[in-house]
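Please read these notes with the sequence and the structure open beside you, and look up each place in turn as it is named.

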Amino acid sequence: MSNQDRRKAWRGLGMLVALGLLLLSTGRSASAQVTQVAYNWNNVQIVGGGFVDGIVFSHAAANLVYARTDIGGCYRLDPTTNRWIPLNDWAGWNNWDQLSCVSLAADPLNANNVWAAVGMYTNSWDTNNGAILKSTNQGASWTVVPLPFKLGSNMPGRGNGERLAVDPNDDNILYLGAPSGHGLWRSTDAGSTWSQVTSFPDSGPYVQDATDTTGYLSDPQGVYFETFDPRTGSKGSATQTIYVGVADSSAPLWVSHDGGSTWATVAGQPTGFLPRQARLDTTNGYLYVAYADKAGPYDGGSGDVWRYTTATGVWTLISPDPSTDTSNDYYGYSGLTIDAQHPNTVMVASAVSWWPDMFLYRSLNNGATWTNIWHWTTYPTMYYKDTLDITAAPWLKLPPSPCRTKSRPGPNPDPKLGWMNEAVKIDPFNSNRLMYGTGATMYGTNDLTDWDISSTSQINISVFAPGIEETSVLGLISPPSGSNLLSALGDVAGFDHTSLTTAPSTTYYPVEGTNTSIDFAQSNPSFVVRVGFPGSNNSCETNGAYSTNGGSSWTGFPNNPGTFSSSSSTGTVAASANGSTIVWSSSLGVFYSSNNGRGWTQSTGVPTGAIVASDRVNASTFYALSSGSFYVSTNSGKSFSVVSSGLPSSGYVNLKPIWVAAGDIWIAGGSPTDPAGYGLWHSTNGGQTWTMVSSVQQGDNIGFGAAASGATYPTLFLVGEVGGVRGIFRSVDEGSTWAQINDAQHQWGQAGGPAITGDPRIFGRVYVGTNGRGIVYGDAQ
């Protein structure tokens with residue numbers, strides 16, 4: 001499942017209109033008193049887990065580096081700890097789209113200044129317009145400048161750029177390449193105001209798929225990058241020559257020689273490909289451009305690298321594997337960098353090469369000749385000019401899969417050097433330091449020039465991602481014994497988190513793709529079940545797995561209840577209190593199994609796609625929620641019947657039975673327009689009747705943890721709004737009063753919407769799932 005699909009699933013939309021409300025109490029107090037309990041917040045260490053699509057070194061100060069991710073915001077590297085510091089965690093529930101990073105621009109004249117373009121989607125999935133963030137303290141705080149159009153950090157073509165650029169001669173001047181036909185924009189007051197450059201004639205019309213009715217693949221990708229030639233200006237005055245790359249294969253590159261007043265296509269330029277990135281060597285006067293037939297980050301099967309001599313207007317094809325070489329032409333080019341200390345040195349990467357590995361080329365003579373980081377000795381044997389250390393994120397080595405081996409014979413390096421290689425940068429102050437992003441992490445080296453010693457000399461590459469946490473969290477459980485935390489994640493399955501401070505050793509296997517749901521048997525917590533999608537090329541797997549040792553190892557379901565397609569939903573899964581029965585609700589319907597997935601029988605009386613959960617005490621009782629109606633099965637999932645209605649059916653809807661007693665259930669969900677309301681509901685009689693908790697104005701999710709000293713009921717953890725304040729709250733008195741436990745700097749977008757749980761063994765501990773910032777956990781100070 002792609003990140004954009006996860007964003008949709010994360011929003012939890014698609015439920016139908018609710019029926020009449022069955023409540024024991026109806027009033028909700030907007031004046032509920034909210035206290036604050038100070039918490040310490042940290043990430044559960046996974047290290048990476050998503051696409052790092054941009055790396056920006058400052059040219060004003062050494063060891064000042066920024067990175068951008070597609071769904072997890074912007075980061076700055078702490079040079080002392082070599083850990084990345086997140087810069088967007090203040091983005092909250094209503095401005096969740098600002099937990100993003102479309103583009104970054106570091107001021108080459110003042111090391112304290114940095115700008116970021118933010119916005120998550122340009123289609124209907126995001127109703128907010130984009131914004132420019134301005135900082136005068138390296139991203140420690142920001143001023144938000146709204147834009148009159150959307151931006152999309154998780155849209156197609158997101159690795160191209162940078163879309164945002166600052167004039168190296170006058171840092172009051174910035175340019176922004178916009179998508180969706182909005183063209184080129186400029187600021188002349190350091191990003192405080194923006195206006196369209198109406199003289200720029202090409203809006204970048206390329207779309208990935210014009211037939212896509214969602215607007216995701218059919219939105220014009222716009223203007224990709226701006227590159228200034230600082231030799232054509234002087235400090236304090238505007239640079240005169242500016243190159244602009246657009247999503248237009250018929251006219252990819254434009255130039256202005258009068259500071260952006262007039263524009264023309266660059267004479268003699270190659271056409272037929274999209275310009276992914278460009279770098280200017282001001283010493284030799286060369287402009288390098290990396291091209292591909294598609295915009296990425298997942299697609300592309302051809303491309304070239306060209307060198308443009310700015311003084312003469314001569315174009316030279318310098319592709320390591322030119323597109324005319326049909327035997328080797330199966331990838332385009334993207335990640336492009338020049339060694340500022342030795343500008344004859346250029347490196348370029350394949351935009352996306354899934355097999356046998358990425359291509360990373362290095363030239364010491366301006367692209368006349370190249371060496372790749374690996375080469376064939378005698379097929380299928382490969383020799384690498386690097387050693388790869390994944391100690392910081394050992395899970396990057398895939399778990400053993402006979403299924404994968406069967407479908408991908410021949411060389412299959414594991415772990416790979418990467419894929420989706422849009423971000424490749426040599427440190428402008430240190431020729432030995434290289435960083436590059438992949439679809440799963442960031443790698444780097446501090447001995448890059450050892451590459452040049454001989455044909456067999458090696459560099460040492462290691463994980464450079466500590467501090468970056470980018471997973472999309474779809475489920476969390478904290479059993480009463482065994483590991484304190486297990487997760488279900490988008491793309492990378494999830495983990496048995498035996499440690500919160502060290503990255504896991506391996507992902508789950510089988511079902512190592514997106515996992516949508518996870519559960520355990522309350523009275524037999526060593527039994528755990530999860531559902532989702534197999535990893536790439538693992539089509540011989542089923543879509544679910546169970547564990548009998550608390551998640552240390554897994555056995556795949558012998559069978560699925562039907563055939564899942566790429567557009568199917570694997571939904572939710574529930575284990576009975578003793579682990580004897582599994583109920584699985586997906587787009588195929590609701591099914592139950594009493595033999596760990598060997599056989600499945602369709603449940604009756606319950607709609608397809610209902611949310612399912614198990615009673616935490618009575619092993620024969622299961623619950624389901626669909627379109628505002630509540631269903632109960634008392635025969636281990638064989639049949640369900642409606643017992644109440646008028647419950648929430650829009651926004652996030654989360655159904656959570658608690659282990660206190662049979663029939664004790666909580667529901668959080670709704671929206672301002674939901675007929676049932678928007679809040680938190682509680683039932684103590686198996687869903688026959690419900691009380692809407694009066695102290696909560698809005699509720700999106702609820703989790704349970706260890707009771708406070710002297711309390712008899714577990715601690716509640718709420719994602720919602722209490723007393724007019726939106727945040728994460730806890731209650732030690734069954735919801736009568738609430739204390740906020742996060743603050744303005746710890747928001748993480750719509751954190752907790754799909755996943756929050758307390759820890760039944762540690763009072764006050766809470767685990768919160770985010771969409772793009774991994775798992776955060778909090779403990780009271």
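1. A cavity, in the sense used here, is a set of grid points where a 1.4 Å probe fits but cannot get out, and its volume is the space filled by probe spheres set on those points. Rolling a probe the size of a water molecule over the atoms shows where empty space is left. With that in mind, and remembering that this is a predicted model, we can say that the second largest cavity has a volume of about 70 Å³. Its lining consists of Trp93, Val719, Arg726, Gly727, Ile728, Asn742, Gln747, Gly749 and Ala751. Strand S55, which covers residues 725-731, gives the largest share of that lining, namely 3 residues. Sorted by class, the residues around the second largest cavity are 4 nonpolar, 4 polar and 1 charged.

2. Two residues of that lining, Trp93 and Arg726, deserve another look. The charged end of Arg726 sits over the ring of Trp93, at 4.2 Å from the centre of that ring. A second arrangement of this kind involves Arg307, whose charged end sits over the ring of Tyr286, 4.6 Å from the ring centre.

3. The search of the whole structure finds 3 cavities of 30 Å³ or more, and the largest cavity has a volume of about 150 Å³. There are 17 residues in the lining of the largest cavity, and those that lie nearest its centre are Gly152, Met155, Pro156, Arg163 and Pro179. The lining of the largest cavity is made up of 8 nonpolar, 6 polar and 3 charged residues.

4. A pocket, by contrast with a cavity, is an open set of points. About 1000 Å³ of space lies in the second largest pocket, and of the 42 residues that line this pocket, Phe57, His59, Thr227, Arg279 and Leu280 are the closest to its centre. Several strands give two or more residues to the lining of the second largest pocket, among them S3 (52-57), S15, S19 (274-281) and S30. By class, the lining of the second largest pocket holds 23 nonpolar, 10 polar and 9 charged residues.

5. Strand S15, just named as part of the pocket lining, also belongs to an open sheet of 4 strands, which follow the order S15-S16-S17-S18 with antiparallel pairing. Strand S15 (223-229) and strand S18 (264-265) stand at the edges and have a single partner strand each, so one side of each is left without a neighbour in the sheet. The partnership of S17 (residues 253-256) with S18 is antiparallel and runs over 2 bridges, and there Trp254 stands opposite Thr265 in S18.

6. Which strand is mostly covered, with 6 of its 6 residues buried? The answer is strand S50, residues 665-670. Strand S49 (residues 653-657) pairs with S50 in the antiparallel sense over 5 bridges, while S50 and strand S51 (residues 678-683) pair in the antiparallel sense over 6 bridges. Ile667 is a useful residue to follow here, for Leu655 stands opposite Ile667 in S50, and Ile667 in turn stands opposite Trp681 in S51.

7. The structure holds 37 aromatic pairs. The rings of Tyr121 and Trp125 have centres 5.3 Å apart and planes at 75 degrees, so this pair is edge-to-face, a term used when the angle is over 60 degrees. Both Tyr121 and Trp125 are buried. Trp376 and Tyr379, in turn, form a tilted pair, with 5.0 Å from centre to centre and 55 degrees between the planes. Trp376 has 32% relative accessibility and therefore counts as partly exposed, whereas Tyr379, at 52% relative accessibility, counts as exposed. Trp376 and Tyr379 also belong to one aromatic cluster, whose members include Tyr330, Trp355, Phe359 and Trp370.

8. A last point concerns Ala423, which lies in the loop between helix H2 (402-407) and strand S30 (424-426). Is Ala423 buried or exposed? Its relative accessibility is 4%, so Ala423 counts as buried. Ala423 and Val348 are 75 residues apart in sequence, and in space their C-alpha atoms are 9.8 Å apart.

Technical notes:
Residues are numbered from 1 along each chain as its sequence is written. This is a predicted model: local features need pLDDT of at least 70, side-chain atom pairs count only at pLDDT 80 or more; totals for chains, interfaces and linings use all residues. Side-chain values use heavy atoms; hydrogens and water are left out. Rings of Phe, Tyr and Trp (its six-membered ring) pair if their centres lie within 6.5 Å; planes under 30 degrees apart count as stacked, over 60 as edge-to-face and the rest as tilted. Buried means under 20% relative accessible area, exposed over 50%, partly exposed in between (1.4 Å probe, protein chains only). A charge sits over a ring if NZ of Lys or CZ of Arg is within 6 Å of the ring centre and within 35 degrees of the ring normal. On a 1 Å grid over the protein atoms alone, a cavity is a set of points where a 1.4 Å probe fits but cannot get out, and a pocket is an open set with protein on both sides within 12 Å along at least five of seven lines; lining residues have an atom within 4 Å of a point. Ala, Val, Leu, Ile, Met, Phe, Trp, Tyr, Cys and Pro count as nonpolar, Asp, Glu, Lys and Arg as charged, and the others, Gly among them, as polar. Two strands pair if DSSP finds at least two bridges between them.
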